[in-house]
Amino acid sequence: MLSQLHPLPKMALCLIWIGASVLVFDLRFQVMTLTLAFGLLWGVERVALWKLLALMVPFALFGFGFLTTSVLFNKESGFALQMAQEQAMTSPDFSPGLVLFARALACGMVSALFALTTDPGQLVRALMVHLRLPASVGFALMQAMHLVPDLGREVQVLRMARAMRLGKPVRRMPGPREGMAVSIPLLAFAIRRASRAAVAMEARGLRPGQPRSQMQTQPFQKADWVFLGLGVAFLGLVIRVL
Amino acid sequence: MPNTAVWTLRETLIVAVLGAVFGVLYLGWVQVWLILQAILGAVTMDVVMGFWFIVSIIAAAIIRKPGVALVSEVLAAAVQILLGSPAGLLLLVTGLVQGAGAEAVFAATRYRRWSLPVLMAAGVGAAVASFAYTWVRFDYGSLAPGLLILMFVLRCASGALLGGLLGHLIVKALYRTGVLSGLAIERDLRTAHV
Amino acid sequence: MSEAVRCEGVAVRYLFATRDAVGPLTLHVAQGERVLLLGPSGCGKSTLLHSLTGLIPTAIPGDRRGGLHLFGQAVESRRPADWADRVAMLFQDADQTLAGFTVADEIAFALENRALSPAVMVARVEKAMAQTGLPTDWKGRRISTLSGGQKQLVALAALLAQGADLVVADEPTASLAPGAAKGVADLLLAPGKTVLIVDHRLGPILDLIDRVVVLGRCGRPLVEGPPGAVFASHGATLAEQGIWTPLATRLRLALAGQGVEVPAVLQVGELVPHLPRGLDLAPMLMPAPCPPGPEILRLHQADCAPPFGPVVLRDVSLALRAGEVLGILGPNGAGKSTLAACLAGLIPPRKGRREGPSGAIAFQNAEAHFSADSVQAECLAMGVPGAKVAALLADWGLAQVAGQHPFTLSMGQKRRLALALLTATDRWPVLVLDEPTAGLDHAGTTGVARHIRRLAASGKALAVITHDADFALSVCDRVIVLAHGGVQASGPARAVLRDVALLSRVGLAPPEAAPLLDWMETQERIAC
Ligand SMILES: Nc1ncnc2c1ncn2[C@@H]1O[C@H](COP(=O)(O)OP(=O)(O)OP(=O)(O)O)[C@@H](O)[C@H]1O
Ligand SMILES: Nc1ncnc2c1ncn2[C@@H]1O[C@H](COP(=O)(O)OP(=O)(O)OP(=O)(O)O)[C@@H](O)[C@H]1O
Ligand SMILES: [Mg+2]
Ligand SMILES: [Mg+2]
């Protein structure tokens, strides 16, 4: 359902929400945001539970640092305290480390909500059409967005080739040495792919500054604005209540 | 070939891709920092800071054109925000300041010199800019002068080593992989040898 | 009739190279003419195509001399991107043609750059997908989740959708299964189109081209003319340059060596009535039968999946013996490369078991093997002793490029280097070669066949994935056909490759040598 909405209003709402999440330094707000995003993804978008949990791992990892300093070492990292002081709306009952942990998860889930329900191609196209993003920059971004998931596959191929050269079986998880060994080839792969894509785009007629059309542009619909309005109103209400 | 200021399509794509890749790596580094911080204490941030300047140095050393350092750093920050960095939206400003610090050093050489000392100086430039920024943001004026000097020196050293030196090593390793052929760095190195 | 392409004394040299990669050569293509550019691997065909619209020197650093005109206009008077309205280009590497988006985005990209209206584009994209047989639900599929051949099909669909006045195609069918290759060739080379095509394997295109231009090893023109005339009167010259010629031509030359005269025809079928009785063709077509050794490797009811992908092969049981060469055939996307990784022990099966030592793969994408900064260093890194490197490179025809960076090699050179690295040492008891002959000329292909048989004779177990039934016939003892998620047939190469009904059901084609196999069969029956 969310994937049918136009990407721009959806992005606006997500950015507003992330902004609020940064400004409102309150555990309850972060937990509510997290639950809401999680609930939408799980209940409405029917994303598998294991996938959602797996998605939360990296976000939890950054947040984890705050949690460990706060819980294990029983002191707050200076950064967390500072962040807590900087914010206007703070409820002091909770440890700032815990709030930051929840905030990392909440912002991460909102980003994931946007990413999972938005076709990156449609987003870039919308940016090009409505916000006059230059085509070369737009397609550069699109290329970068497509690259990130492909890095995993490439790592796998690099590891197979390396294992063959060394005459060892491929391990399940790369160790630190293997990680170092594939990092430069991986970076080289990214640059090589960008270079090739540039030639491909040029050969197929991408000219900066020339008019171009779009095969599919999603028109704005009433539902998009209703969604944005309702979302902002709900956010305002929540902040009032807290 | 003259260094025109306009980015080619290939260069735009490379900056975008580097921004994306390093955005992901920077997030991983946040984790390293937080763990070290818990063990080592307050000044850790200054010690690890340099790595967060690296994309501007790598991208600029490869492409050697105005704006590359700034844009790549901002892009990496944007990617981190999209991926849910705990630092939030203010990271964009952080990226802007750090990128501008490195960019200023390259601009001072008029985008002509790319030796290791220049790259390390760019790391220091980013460190100085970010120090000024954090001074304002975290109200460093109230700290003891001795601590401040230590923090400043550590951050500059980190910028020079983790940013400049490591960036230089990565660029050299990338050069050996052959992917930089046809870019400004190859033209400069090869013509210097001839 | 005006000229589409006019090259006058064109020569191209890459930046910092010490010799020209191609030329000087003169080449004309009239409008409505379909020209095949033929030449040994590394002679500069792709380089020439890259310079046609000015990508060399604009996007790829290099230097071009001589005059180049497209449709009567000097090439350098427009930017390469401006030419996309009249010239559609298919690069040799599908990864190079495609920009890495989703299928529909890719196909529409060139049309969008010409600012066509959305309705026209949707219609053209749908038509191109239907023509190339891409399922309609692939529109949103990401290119990087496709198999090698599927990528090439998408690149072809993008090319067709462009509807350009001149089509320039560099080995458009190299990684396609025969059925798909034939369909694509018919579309691409329909009468009346203006096409400049490069290919090594001529089976599907031979009767669709008007003129052949042959380049020699040094990148200069050798002969040109209608295909029939060129192969009839210059067959020996071409063979000596290592260029692919029709089987009928090769057979005629070989028989002439034995004192048997047959007429100069292009199709093997026309040759059969002229074969003398008692002639033994087997040594020319098939490996000498050898007794298989002990079993080395076994898959028990294995389910195989690509990394991060779904299971594509279910319940595969398979054994490999020492000294045996197993051929793996199948349509594009059947799961051959997936099975390869599983056979070599690099990706464990999702279900079931694999028993045996781990082996090596020659990846379908040869670039995956390269990690060093020169061809020589690559050999040393693989453990080839320093004193043997020069001989190894000379054997694979790579002596001239020993100091070059592996990524600047031509496609065929990359493939040969990857195979040289894998076959040079004695390290792996099991070797899986994924499409080892894609992009190779005839000399390269016979070289690969020789090494495969040498390794088999030394007691290794080999599996060879290929779309080339004649190659499979010439090196494999046993063949399996993969399709629809499993093994459809398995048996001696000679038997499976003559099962026309089975092969056409899964989109494959019998070998060019099929009429000869039939003839041999009748001969044997008469003898009994
Ligand atoms: N970027 C480059 N820099 C230097 N030399 C190159 C570069 N690209 C190709 N070459 C060399 O130029 C020659 C011609 O290469 P090209 O790719 O045009 O060959 P080709 O005829 O297409 O061969 P194949 O049939 O194997 O594809 C080769 O010897 C190759 O090594
Ligand atoms: N990550 C993925 N997600 C979804 N499907 C995938 C993924 N990777 C591969 N596939 C599918 O798995 C199938 C098998 O792929 P594989 O590369 O093994 O085919 P193949 O037989 O080698 O084909 P080709 O002859 O074209 O090389 C293909 O249909 C491909 O589309
Ligand atoms: Mg080529
Ligand atoms: Mg394959």
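Which residues coordinate the magnesium ion (ligand 3)? In this predicted model, the job falls to S46(C), through OG, and Q92(C), through OE1, at 1.9 to 2.1 Å. Beyond that site, there's a second magnesium ion held by chain C, an interface of about 4,300 Å² between chains A and C, and a handful of backbone oddities to look at, such as the cis peptide bond between I56(C) and P57(C).

**Magnesium sites**

- Start with ligand 3, where S46(C) and Q92(C) are the coordinating residues. S46(C) sits in helix α1 (residues 45-52) of chain C and Q92(C) in the loop between β6 (87-90) and α3 (94-97), so the pair ties together parts that are 46 residues apart in sequence.
- Are S46(C) and Q92(C) buried or exposed? Both of them are buried.
- The magnesium ion called ligand 4 is coordinated by S337(C) (OG) and Q364(C) (OE1), again at 1.9 to 2.1 Å. Here the serine belongs to helix α11 (residues 336-343) of chain C, while Q364(C) comes from the loop between β15 (360-362) and α12 (375-381), so this pair ties together parts that are 27 residues apart in sequence.
- At ligand 4 the two residues are partly exposed: S337(C) has a relative accessible area of 31%, and Q364(C) has 22%.

**Where chain A meets chain C**

- On the chain A side 38 residues make contact, and they touch 55 residues of chain C.
- Together the two chains bury about 4,300 Å², with 58% of that on carbon and sulfur atoms. M164(A), R204(A) and M215(A) supply 22% of the area that chain A buries against chain C, more than any other three residues.
- How many salt bridges are there between chain A and chain C? The count is eight.
- If you want a salt bridge to look up in the structure, try E112(C) with R125(A), whose side chains meet at 2.6 Å, N to O.

**Where chain B meets chain C**

- This interface involves six residues of chain B and five residues of chain C.
- About 530 Å² is buried between chains B and C, 66% of it on carbon and sulfur atoms.
- Salt bridges across the B–C interface number zero.

**Chain A, and one alanine worth a look**

- Chain A is made of nine helices and two strands. Read from the N terminus, its elements go α-β-α-α-α-β-α-α-α-α-α.
- Of its 242 residues, 54% count as buried. Among contacts in chain A with a separation of 6 or more, 72% are between residues 24 or more positions apart.
- Take A194(A), which lies in helix α8 (residues 176-203) and counts as buried, at 0% relative accessibility.
- Setting aside neighbours within four places in sequence, A194(A) is in contact with L13(B), I14(B) and V17(B).
- A194(A) is also 9.1 Å from L147(A), C-alpha to C-alpha, with their positions 47 residues apart in sequence.

**Rings and charges**

- Over all chains, there are 14 aromatic pairs. One pair is F101(C) with F109(C), which is tilted: the centres are 6.1 Å apart and the planes are at 55 degrees.
- Why tilted? An angle of 55 degrees is neither under 30 degrees, which would be stacked, nor over 60, which would be edge-to-face.
- Both partners are buried, F101(C) at 1% relative accessible area and F109(C) at 0%.
- In chain B, ring pairs join F22(B), Y26(B), W29(B) and F51(B) into a cluster.
- Chain C has arginines over tryptophan rings: R78(C) lies over the face of W83(C), 4.7 Å from the ring centre, and the charged end of R141(C) sits over W138(C), 4.8 Å from its centre.

**Backbone oddities**

- Most residues other than glycine have a negative phi, and most peptide bonds are trans.
- I56(C) and P57(C) are joined by a cis peptide bond, with omega about 10 degrees. P57(C) is placed in helix α2 (residues 55-58) of chain C.
- R64(B) has a positive phi, near 60 degrees. This arginine lies in the loop between α3 (54-63) and α4 (68-82) of chain B and counts as buried, at 8% relative accessibility.
- R110(B) also has a positive phi, near 55 degrees. The loop in this case runs between α5 (91-108) and α6 (116-138) of chain B, and R110(B) is exposed, at 58% relative accessible area.

Conventions:
Residues are numbered from 1 along each chain as its sequence is written. Chains are lettered from A and ligands numbered from 1 in the order in which they are written. This is a predicted model: local features need pLDDT of at least 70, side-chain atom pairs count only at pLDDT 80 or more; totals for chains, interfaces and linings use all residues. Side-chain values use heavy atoms; hydrogens and water are left out. Donors are N, O and S atoms within 2.8 Å of the metal (3.2 Å for Na, K and Ca); water is not among the atoms, so sites may look incomplete. Helices (H or I, at least four residues) and strands (E, at least two) are DSSP runs, numbered from the N terminus. Buried means under 20% relative accessible area, exposed over 50%, partly exposed in between (1.4 Å probe, protein chains only). Rings of Phe, Tyr and Trp (its six-membered ring) pair if their centres lie within 6.5 Å; planes under 30 degrees apart count as stacked, over 60 as edge-to-face and the rest as tilted. A charge sits over a ring if NZ of Lys or CZ of Arg is within 6 Å of the ring centre and within 35 degrees of the ring normal. Contact means heavy atoms within 4.5 Å. Buried area is the accessible area (1.4 Å probe) that two parts lose on being put together, summed over both. A salt bridge is a side-chain nitrogen of Lys or Arg within 4 Å of a carboxyl oxygen of Asp or Glu.
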